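Q: I should like to take a close look at a single part of the structure shown here. Please guide me through that part in one connected account.

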There are 4 protein chains.
Amino acid sequence: MPTPIRVTIWNEYIHERQNPTVAAIYPTGIHGLLAEVLSTNDDLIIRTATLDEPEQGVSQAVLNETDVLLWWGHSAHDAVLDETVTRVQQRVLAGMGLIVLHSGHFSKIFKRLMGTSCALCWREVGERERVWVVNPGHPITAGISDCIEIEHSEMYGEPFGIPTPDELIFVSWFQGGEVFRSGATWTRGLGRIFYFSPGHEVYPIYHHPDVQRVIANGIRWAQPQEGNHTTPRHVPVDQAREKIIAHGGTVHLADGQLK
Amino acid sequence: MPTPIRVTIWNEYIHERQNPTVAAIYPTGIHGLLAEVLSTNDDLIIRTATLDEPEQGVSQAVLNETDVLLWWGHSAHDAVLDETVTRVQQRVLAGMGLIVLHSGHFSKIFKRLMGTSCALCWREVGERERVWVVNPGHPITAGISDCIEIEHSEMYGEPFGIPTPDELIFVSWFQGGEVFRSGATWTRGLGRIFYFSPGHEVYPIYHHPDVQRVIANGIRWAQPQEGNHTTPRHVPVDQAREKIIAHGGTVHLADGQLK
Amino acid sequence: MPTPIRVTIWNEYIHERQNPTVAAIYPTGIHGLLAEVLSTNDDLIIRTATLDEPEQGVSQAVLNETDVLLWWGHSAHDAVLDETVTRVQQRVLAGMGLIVLHSGHFSKIFKRLMGTSCALCWREVGERERVWVVNPGHPITAGISDCIEIEHSEMYGEPFGIPTPDELIFVSWFQGGEVFRSGATWTRGLGRIFYFSPGHEVYPIYHHPDVQRVIANGIRWAQPQEGNHTTPRHVPVDQAREKIIAHGGTVHLADGQLK
Amino acid sequence: MPTPIRVTIWNEYIHERQNPTVAAIYPTGIHGLLAEVLSTNDDLIIRTATLDEPEQGVSQAVLNETDVLLWWGHSAHDAVLDETVTRVQQRVLAGMGLIVLHSGHFSKIFKRLMGTSCALCWREVGERERVWVVNPGHPITAGISDCIEIEHSEMYGEPFGIPTPDELIFVSWFQGGEVFRSGATWTRGLGRIFYFSPGHEVYPIYHHPDVQRVIANGIRWAQPQEGNHTTPRHVPVDQAREKIIAHGGTVHLADGQLK
């Protein structure tokens, strides 16, 4: 059996403690429900982390033991410290997978990795959403039929301020007339990133078996890969693969660093 | 005749004033030479800006009057303030083109827009470089033969820590045995970005006519486009394109902002 | 003023002559209406061609004088000869733009250039379609608001059997619940290809000003580019850019051709 | 343990029987050597097939039992029947992986799937090649250092007439001064395609352990995925997911087929 994937589910964990509707749907928090559900997969080892924990739940030690990080935030994006964001970004670039959920589109870590606004249109009236597969054959779609029906959802609509995805996986239809690129992937450094938009907290979307399945598929897809991990470096002239002779001036020291 | 493109050439302008080799090659600065050369194009209006100017040369007023910004920095990346970077990034997302030159791969603005390390391998011994066209038909390659020969260049080698380019335009061959993705494009928001690696300051690379031509081509390619400029926004239920009825709880105020 | 773009609008021209509904909407054929409309653009020179003309309307001479070819076919895809398809394909690879309209998704030329099934889901009941811009800033979207409303349309739905587009421009919403990647681009050789799905012939979709505008934008985007046009070739050892010495056996003749 | 991957190594098997140099390097054929080497992997089940077998070695039965097909051809591309190509293409679109080796860039099946010329520059003088990893972290690069050194190789050079790869994995450096995109992937339908250029038959390139490793990695990467396999189809109005009412004329029969 392959080595299990170590998953950390991060949640700002605020609306579940403030808003009765949300509390009723997620009495143990969104992270609590997801942990319970994902733990039924033998190949996943689940832990959770929240904003109010030491080092905002994602210390270097936690990150070092995490293969794939799930990120759920909404009202407290600004409370996440820049140094926290930098720590997570570095770990993604070093190979950790990252799954950004729903309102996490506006998290500092997602904007940091994308370089764009990550803005979108929205409307919260509990309308119908259909999450259509547009990339059949992609492992994130395993076990999903042609679309996922979500009876009550928040509308997220185009334009979505993201870089062109490496892979577009899902496109959503909304009852009110909009569409949205609701599942997409990118690679940044050695790390794989999957954004998946369903999950507004006032509806029981993470109770939906297909939504749970997509997240589990996403974790497997985003796990660190065994590929080449070469680090960029200075290559002195005597280590050049062809024999060459140095020529001209320099702005560098002998070790390649700038003077 | 089409409206001219307003170009601002930004240079940290340090090595040209400190290093005699560089000063001899660029007595008026790299920005000075590029301004002189690019000004011969009737469709370009050229201005320059340097790090030591007010607001680091890129005030909001300057940016607002800039269609395409060229960025040359090497030893003073850290001196560029985060607020300067944010101002430039916002203008790129709003449609300004950005051409990042050579050591600008490590500038804060490029790293901000890419989300990655932007690191690479390097060796400064004046070896031969050939910049091969791998995207024939792309307008940035207009007037360029199968490759550009640069007699003395700094080696930049793979792995190059960038996101997958939207378009790969050039790949370089180096005498010492390496290759490098030396010309590539990305779109971020409404803005087009072109990275072009030749240009190490201790060799007269910006005096090379083909290098000059690629930069001029890049400016034309990167200029702001007339396309759709919709801004993401809250869409209230009474503005939905299909008639729908609100349902369920909320974490938003009536105007769509989070409570 | 720039050189005008020479456009050829190709139509199989069958349903307009057989089906009274279609005839009433397009009395001069779909090509006739598009020619009339597009001719109002000063930068476009319009000609039309139909399947029943000599060499199926796209002789080498016609292709040589065409910068951008529009393709409309539906019931007679199989009547297009393989040699016709090859002739058009070669011209696209050499730089001619190609705009494939609606049911042209199943044309031989589109399938030839894509390499895939190009199959899709469909339903012809005159439902509402909204064509959303998902790539703001792209020149094909110039002058288009956030979406195009089409009151009666044929549903085209995912999965759409195409290679990942180089650029995804539009995604459509359908009243019956589906979504579709309705505007997308690819480059093949030197030629640019734009597929745009609205246009079912039993509804007056090409009378819609926004649909006309997208097609005009697409023509301008797809026109041949001035970029590098190097032809792959044998490079004899004495033409190598670095001095090298031949070594080992061979399966080639001196001119590089296989024995 | 996961289900083994069923691999078929196809070879036109001509030069090994005609050219003494090639015969000395591959006494059992290129397919013979690759079969011997790849069989040492527990997770692969290897069979071979050659052009002179019934149905050109790739009958429907063989294809149905093949998860990943390797393709090596050079002098007999034209001998492969169009119906053979169609059979292989359909199986790729249905999910079979395809690994195209070296001169297979000009095979009918590769050109069919790419839609382009697949032409390139070449020179057969046994020069040095370095195959650089430009996509660290990609599973095809597992176990490979920063580059693969090949002492004697045929030069393949840009421009390479392919569509933009979904993923660029390797770029080669050649002693004579050229570069080449020597490893790249595409998805067509449900099938994954990997092109890998090293392998000219007059040098012992497939005896190189790193080259063997890349091919094994490629097979694992290209194996069929469990993802969604929805087939495009007509969706009658009474199966629409939202209630809608038919409107307007038609060019279809009740079952959705064209009249």
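Among contacts in chain A between residues at least 6 apart in sequence, what percentage join residues at least 24 apart? Please begin there, and then describe in detail the sheet of chain D, with its strand order and the helices that lie against that sheet.

A: The model is a predicted one. In chain A, 68% of the contacts between residues at least 6 apart in sequence join residues at least 24 apart. Chain A has 259 residues, of which 59% are buried. Its secondary structure consists of 7 helices and 9 strands, and its C-alpha atoms fill a box of roughly 70 × 40 × 40 Å along the principal axes.

The sheet may now be examined in chain D. There, 9 strands form an open sheet with mixed pairing, in the order β2-β1-β3-β4-β9-β8-β7-β5-β6. The edges of this sheet are β2 (44-50) and β6 (147-157) of chain D, each of which pairs on one side only. From one strand to the next, the twist averages 25°.

Within the sheet, β4 (residues 97-101) and β9 (residues 191-196) of chain D run parallel and are joined by 4 bridges. Leu98(D) stands opposite Ile193(D), a residue of β9(D).

Two helices of chain D may be added to this picture. Helix α5 (residues 82-93) of chain D packs on the sheet, where it touches β3 (68-72), β4, β8 (179-188) and β9 of chain D. The direction of α5 makes about 115° with that of β9(D). Helix α7 (residues 209-222) of chain D lies across β1 (5-11), β2, β3, β4, β6 and β9 of chain D, and runs at about 165° to β9(D).

The relation between copies can be described with chains C and D. A rotation of 180°, with 0.0 Å of shift along its axis, superposes chain C on chain D with an RMSD of 0.0 Å. The two copies are therefore related as by a two-fold rotation axis. In chain C, the C-alpha nearest this axis belongs to Gly115(C), at 2.8 Å. Of the interface residues of chain C, 100% are also interface residues in chain D, so the copies meet through the same surface.

Finally, the contact between chains A and B takes 58 residues from chain A and 58 residues from chain B. On the side of chain A that touches chain B, α6 (108-114), β5 (121-133), β6 (147-157) and β8 (179-188) of chain A each supply at least two residues. The element that gives the most to this side is β5(A), with 7 residues. By class, this side of chain A has 22 nonpolar, 26 polar and 10 charged residues.

Notes: Residues are numbered from 1 along each chain as its sequence is written. Chains are lettered from A and ligands numbered from 1 in the order in which they are written. This is a predicted model: local features need pLDDT of at least 70, side-chain atom pairs count only at pLDDT 80 or more; totals for chains, interfaces and linings use all residues. Two residues are in contact if their C-beta atoms, placed from the backbone, lie within 7 Å. Ala, Val, Leu, Ile, Met, Phe, Trp, Tyr, Cys and Pro count as nonpolar, Asp, Glu, Lys and Arg as charged, and the others, Gly among them, as polar. A residue is buried if 20 or more other C-beta atoms lie within 10 Å of its own, exposed if 12 or fewer, and partly exposed in between; C-beta atoms are placed from the backbone. Copies are superposed by least squares on the C-alpha atoms of residues with pLDDT of at least 70 in both. Two strands pair if DSSP finds at least two bridges between them. Axes are lines fitted to C-alpha atoms, for helices over the stretch in contact, and angles run from 0 to 180 degrees between N-to-C directions.
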